[in-house]
Amino acid sequence: MSVVLVVEDSPAQRAMISDLLKGSGLTVTIATDGVEALEQILKSCPDLVVLDIVMPRMNGYEVCRRLKADPKTQNVPVVMCSSKGEEFDRYWGMKQGADAYIAKPFQPTELIGTVKQLLRG
């Protein structure tokens, strides 16, 4: 079973995303900000990361850059999931190495479909 790390500082959003992913048969771990996410990934590398952008301590862009720069984690797919929905935000997220970008609010099928597609590789 695939493990997905959900990095989201909003408790409501974190619960909703986690429940959606668990409901589709995935194992979910959570982090509440970028620093916590990197610590968790070092301990146990997930199969995929769903990453918010606007968070305290370290934003999602920085987390993504660090993951993609590290040979141990560069192949872990990253799905940016953010309320920053402008075309520039999407462009900048992809420039940081994100494998997909989903703007909030999103359709549950969009998130599940994107995650499953990336997990299949």
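In which helix is Ser-18 found? Select Ser-18 in the viewer: this residue belongs to helix α1, which spans residues 11-23. The model on display is a predicted one, and the tour below proceeds from this residue to the whole chain and then to individual sites.

**Ser-18 and its surroundings**

With a relative accessible area of 5%, Ser-18 is buried, because the cut-off for that class is under 20%. Next, display the residues around Ser-18. Beyond its neighbours within four places in sequence, Ser-18 is in contact with Val-6, Val-28 and Ile-30.

**The whole chain**

Now zoom out and colour the chain by secondary structure. Five helices and five strands appear, and following the sequence gives the order β-α-β-α-β-α-β-α-β-α. Along the principal axes, the C-alpha atoms occupy a box of roughly 35 × 30 × 30 Å. The radius of gyration is 13 Å, which agrees with the value near 14 Å that a compact globule of 121 residues would have.

A surface representation may be added at this point. The chain has an accessible surface of about 6200 Å², and carbon and sulfur atoms account for 53% of that area. Of the 121 residues, 45% count as buried. A contact map would show a further property: among contacts between residues at least 6 apart in sequence, 58% join residues at least 24 apart.

**The annotated domain**

Select residues 3-119. An unreviewed UniProt entry annotates this span as "domain: Response regulatory". The C-alpha atoms at the two ends of the span lie 10 Å apart, and its composition is 46% helix and 20% strand.

**Asp-52**

Which residue does UniProt list for "modified residue: 4-aspartylphosphate"? The residue to select is Asp-52, and the listing again comes from an unreviewed entry. Asp-52 sits in the loop between β3 and α3. Its relative accessibility is 5%, so Asp-52 counts as buried.

Show the contacts of Asp-52 as well, leaving aside the neighbours within four places in sequence. The partners are Val-7, Glu-8, Asp-9, Gly-60, Cys-81, Ser-82 and Lys-104.

**Arg-57**

Is Arg-57 buried or exposed? Move to this residue in the loop that links β3 (48-51) to α3 (60-69). Arg-57 has a relative accessibility of 61% and therefore counts as exposed. Its backbone deserves inspection: phi is positive, at about 70 degrees, although Arg-57 is not a glycine.

**Lys-104 and Pro-105**

Lys-104, already met as a contact of Asp-52, leads to the next selection. The peptide bond from Lys-104 to Pro-105 is cis, and its omega is near -5 degrees. Pro-105 is located in the loop between β5 (100-103) and α5 (108-120).

**A nonpolar surface patch**

Finally, select Phe-88, Tyr-91 and Trp-92 and return to the surface representation. Together these residues form a nonpolar patch on the surface, with about 340 Å² of accessible area. Phe-88 is part of helix α4, which comprises residues 87-95. At 53% relative accessibility, Phe-88 counts as exposed, since the class requires a value over 50%.

Methods
Residues numbered from 1 in each chain as written. Predicted model: local features only at pLDDT ≥ 70, side-chain atom pairs only at ≥ 80, totals over all residues. Heavy atoms only, no water. Patch = residues over 30% accessible without salt bridge, like charges linked within 9 Å, V, L, I, M, F, W, Y side chains within 5 Å. Areas by Shrake-Rupley, 256 points an atom, 1.4 Å probe, with all protein chains shown as cover. Salt bridge = Lys/Arg side-chain N within 4 Å of Asp/Glu carboxyl O. Helix = DSSP H or I, 4+ residues; strand = E, 2+ residues; numbered from the N terminus. Buried < 20%, exposed > 50% of the residue type's maximum accessible area, 1.4 Å probe, protein only. Rg over C-alpha atoms; globule rule 2.2 N^0.38 Å. Contact = heavy atoms within 4.5 Å. UniProt positions renumbered as here; feature names shortened; annotations may be inferred.
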